[in-house]
Amino acid sequence: MLPKPLQQLQKFFEKFPGIGPRQASRFVFFLSKQPKEYIESFIQSLQSMSTEVKLCSNCNLPGLKKNNLCTICSDSRRDKKTIYVVEKEGDALNLEKTNIHNGVYFVLGKNISPVEKTQSAKEQVKNLVKKLKRETNPEVILALNNTREGNFTAMYIKEMFKENELNNVTLTSLGRGLSTGSELEYADEETLRNALKNRH
Ligand SMILES: [Zn+2]
């Protein structure tokens, strides 16, 4: 039913996380009704994202290409030795909102699964290990989802730290505040505060 340009556009939206065909078509209808200026500035935003933004070389959060680091890592007030390991950017964003810590992040991009292919996340753990070897007495807080995959990832990281004899690292995990099956991205502030306070 949709003309070809809209079908093509819909395919892009269907690839977005959490977006199915029905929502994708809603986006397409919305865009098709917007004035030319809106579409032009939308295109421009996409273009500047593509030319100006790049993943931070320190933590994998998006940052400005010209700085090489994200705003958090380039902030001198941040404690670079306290590193919160998270699965995805949204988890870091949610922790940022609590405003209760002064550390930096390390984004794995994906949880490590015992059954799925998660090579890129394993690569990231390797990068984390390399990074930690260069630090003196860093603290790593595993801020992962309290789900099967999150727990498996935590186990994998602990094993890798042991294997690489990272004895200089203080390693803790978020505490009880997070109930089983809960996802960090959706946890409220109070829950996150408790989880951070009770890290073990
Ligand atoms: Zn960064």
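**Exercise 1. Determine the arrangement of the 4 donor atoms around the zinc ion.**

Step 1. In this predicted model, local features need pLDDT of at least 70, side-chain atom pairs count only at pLDDT 80 or more, and totals for chains, interfaces and linings use all residues. Residues are numbered from 1 along each chain as its sequence is written, and side-chain values use heavy atoms, with hydrogens and water left out.

Step 2. List the donors, meaning N, O and S atoms within 2.8 Å of the metal (3.2 Å for Na, K and Ca); water is not among the atoms, so sites may look incomplete. The zinc ion is held by the SG atoms of Cys56, Cys59, Cys70 and Cys73, at 2.3 Å.

Step 3. Check the angles. Four donors count as tetrahedral if all angles lie between 85 and 135 degrees. Around the zinc ion the angles run from 103 to 116 degrees, so the arrangement is tetrahedral.

**Exercise 2. Place the zinc donors along the chain and state whether Cys56 is buried or exposed.**

Step 1. The spacing of the donors is C-x2-C-x10-C-x2-C.

Step 2. Cys56 sits in the loop between strand S1 (53-55) and strand S2 (62-64), while Cys73 sits in the loop between S2 and strand S3 (82-86); the pair links distant parts of the chain, 17 residues apart. Helices (H or I, at least four residues) and strands (E, at least two) are DSSP runs, numbered from the N terminus.

Step 3. Buried means under 20% relative accessible area, exposed over 50%, and partly exposed in between (1.4 Å probe, protein chains only). Cys56 has 2% relative accessibility and is therefore buried. Cys73, at 5%, also counts as buried.

**Exercise 3. Describe how helix H4 and helix H7 pack.**

Step 1. Helix H4 (residues 89-98) meets helix H7 (residues 189-197) at an angle of about 90 degrees, and their axes are 9 Å apart. Axes are lines fitted to C-alpha atoms, for helices over the stretch in contact, and angles run from 0 to 180 degrees between N-to-C directions.

Step 2. Angles under 35 degrees count as roughly parallel, over 145 as roughly antiparallel, 65 to 115 as roughly perpendicular and the rest as oblique. H4 and H7 are therefore roughly perpendicular to each other.

Step 3. Name the residues in contact (heavy atoms within 4.5 Å). H4 contributes Asn94, Leu95, Lys97 and Thr98, and H7 contributes Glu189, Leu192, Arg193 and Leu196.

**Exercise 4. Compare the settings of Gln124, Lys130 and Thr118.**

Step 1. Gln124 lies in helix H5. With a relative accessible area of 19%, Gln124 is buried. Not counting residues up to four places away in sequence, Gln124 touches Asn60, Phe106, Val107 and Leu108.

Step 2. Lys130 belongs to helix H5 (residues 119-133). Its relative accessible area is 52%, so Lys130 is exposed. The C-alpha atoms of Lys130 and Asn164 are separated by 9.4 Å, although these residues are 34 residues apart along the chain.

Step 3. Thr118 is found in the loop between strand S4 (104-107) and H5. Thr118 is buried, at 5% relative accessible area. Leaving aside neighbours within four places in sequence, Thr118 contacts Lys110, Asn111, Ile112 and Ser113.

**Exercise 5. Summarise the protein chain: how many helices and strands are there?**

Step 1. The protein chain has 7 helices and 6 strands. Along the sequence the pattern reads α-α-α-β-β-β-α-β-α-β-α-β-α.

Step 2. The C-alpha trace spans about 60 × 40 × 35 Å along its principal axes.

Step 3. Of the 200 residues in the protein chain, 40% are buried.

Note on methods
Tetrahedral: all angles 85-135°; square planar, octahedral: opposite > 155°, others 65-115°.
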